[in-house]
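User: Please take a close look at one part of this model, the interior, and describe how it is put together. Then follow it outwards and say what else in the chain deserves a note.

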Amino acid sequence: MKGRNLKVMTFLMSVIIGLLVVGNININNDTKYIQLSTKEYQQAYAERNQLLSTISKLKHSNDEIKNKINNYTYGGKQDEKILEDMKQEIDYNKMSIGFAAVKGPGVKILLSDGVDTLTEKPKDDTLLYVKTLHDNDMMKLINELKLAGAQAIAINGQRVLPNSEILCGWAFLNINGVKTPGPFTVDAIGDKDVLCSVLERNDSYVKTLRNRDISVSIHKEGELHINGYSGDESFNNLK
């Protein structure tokens with residue numbers, strides 16, 4: 001009987017020692033486990049979900065702010081690019097129609113009446129007419145320059161516009177309503193070699209003028225300066 005009681009006591013002592021060992025096995029381990037009640041677990045779970053939701057909202061808000069910053073940065077640059085393109089187009093149009101000053105290579109043409117070569121006044125006025133430069137002569141010369149690729153033209157400093165008038169007024173030419181006397185200087189910006197080649201052809205209008213004893217000299221220029229039209233720019237009849 002005593003032996004049996006001794007075995008039981010030994011077994012109970014072994015169990016107690018085992019429990020003590022298990023209870024202290026994590027003394028030197030950093031990992032700690034906390035046993036929660038059902039209520040504490042539900043509360044911790046709810047707090048976790050709330051934190052995840054807050055993180056998600058913050059991430060979404062951060063993405064929106066980044067998109068706004070990108071729009072302000074690149075959108076602003078795009079607006080500046082559009083405005084710059086519009087400004088360049090306006091400047092180009094002003095140059096094309098003659099409202100802006102321009103410079104570039106081209107030809108300078110000097111014209112003077114052939115009557116200066118006469119030693120005495122001819123009896124026939126027809127000869128005077130033939131040897132005099134007229135408005136239609138200037139218009140034909142301007143048209144020939146345009147066909148040769150001239151991009152800007154001026155007569156005695158007066159810019160030739162698409163709607164410029166060239167009219168005779170005794171010893172003057174009226175250009176854009178401004179009277180300008182001879183001799184006349186025509187500046188034309190474009191490919192100087194092409195312009196000169198066209199003007200010097202045997203079938204050119206320059207050849208016709210020379211045959212009438214009108215003095216025409218053509219000079220290639222590396223750079224010409226032509227001012228913009230400074231008169232009335234209103235187009236009241238255009239819509």
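Analyst: In what follows, contact or touching means heavy atoms within 4.5 Å. The model is predicted, with local features needing pLDDT of at least 70 and side-chain atom pairs counted only at pLDDT 80 or more, while totals for chains, interfaces and linings use all residues. Numbering runs from 1 along each chain as its sequence is written, and side-chain values use heavy atoms, with hydrogens and water left out.

The overall layout comes before the detail. The protein chain contains six helices and eight strands (DSSP runs numbered from the N terminus, with H or I over at least four residues for a helix and E over at least two for a strand). Along the sequence the order is α-α-β-α-α-β-β-β-β-β-β-α-α-β. Of the 239 residues, 25% count as buried (under 20% relative accessible area, with exposed being over 50% and partly exposed in between, for a 1.4 Å probe and protein chains only). Taking contacts between residues at least 6 apart in sequence, 73% join residues at least 24 apart.

The interior itself is best read through its nonpolar cores. The largest nonpolar core has 29 residues, and those that touch the most other members are Met138, Leu145 and Val186 (a core is a set of buried Ala, Val, Leu, Ile, Met, Phe, Trp, Tyr and Cys residues joined through side-chain atoms within 4.5 Å). Two or more residues of this core come from each of E1, helix H4 (135–147), E2, E5, E7, helix H5 (192–199), helix H6 (205–211) and strand E8 (215–226). Both helices and strands therefore contribute to this core. A second core of six residues is separate from it, and includes Val102, Ala154, Leu224 and Ile226.

Val186 shows what the packing looks like from one position. Leaving out neighbours within four places in sequence, Val186 is in contact with Val107, Lys108, Ile109 and Leu111, with Met138, Leu141, Ile142 and Leu145, and with Ile153, Ala154 and Ile155. Met138 and Leu145, the other two residues named for touching the most members of the largest core, are thus both among the contacts of Val186. Ala154 is also on that contact list, although Ala154 itself is a member of the second core.

Glu144 gives a view from helix H4. Glu144 counts as buried because its relative accessible area is 11%. When residues up to four places away in sequence are not counted, Glu144 touches Val198, Leu199, Ser204, Tyr205 and Val206. The C-alpha atoms of Glu144 and Val206 are 9.2 Å apart, although 62 residues separate the two along the chain. Val206 lies within the range of helix H6 (205–211), and Val198 and Leu199 lie within that of helix H5 (192–199).

Ser197 is a further residue of helix H5. Ser197 counts as partly exposed because its relative accessibility is 46%, whereas Glu144 is buried. The C-alpha atoms of Ser197 and Ala148 are 8.9 Å apart, with these positions 49 residues apart in sequence numbering.

Some backbone features sit in the loops between strands. Most residues other than glycine have a negative phi, and most peptide bonds are trans. Asn156 is not a glycine, yet its phi is positive, at about 50 degrees. Asn156 is placed in the loop between strand E2 (152–155) and strand E3 (158–159), and it counts as partly exposed because its relative accessibility is 26%. Asn176 likewise has a positive phi, of about 55 degrees, without being a glycine. The loop that holds Asn176 runs between E5 and E6. Asn176 is buried because its relative accessible area is 14%.

The remaining backbone note concerns a proline. Gly182 and Pro183 are joined by a cis peptide bond, with omega at about 0 degrees. Pro183 belongs to the loop between strand E6 (178–181) and strand E7 (184–189). E7 leads back to the interior, since E7 is one of the elements that give two or more residues to the largest core, and Val186 falls within the 184–189 range of that strand.
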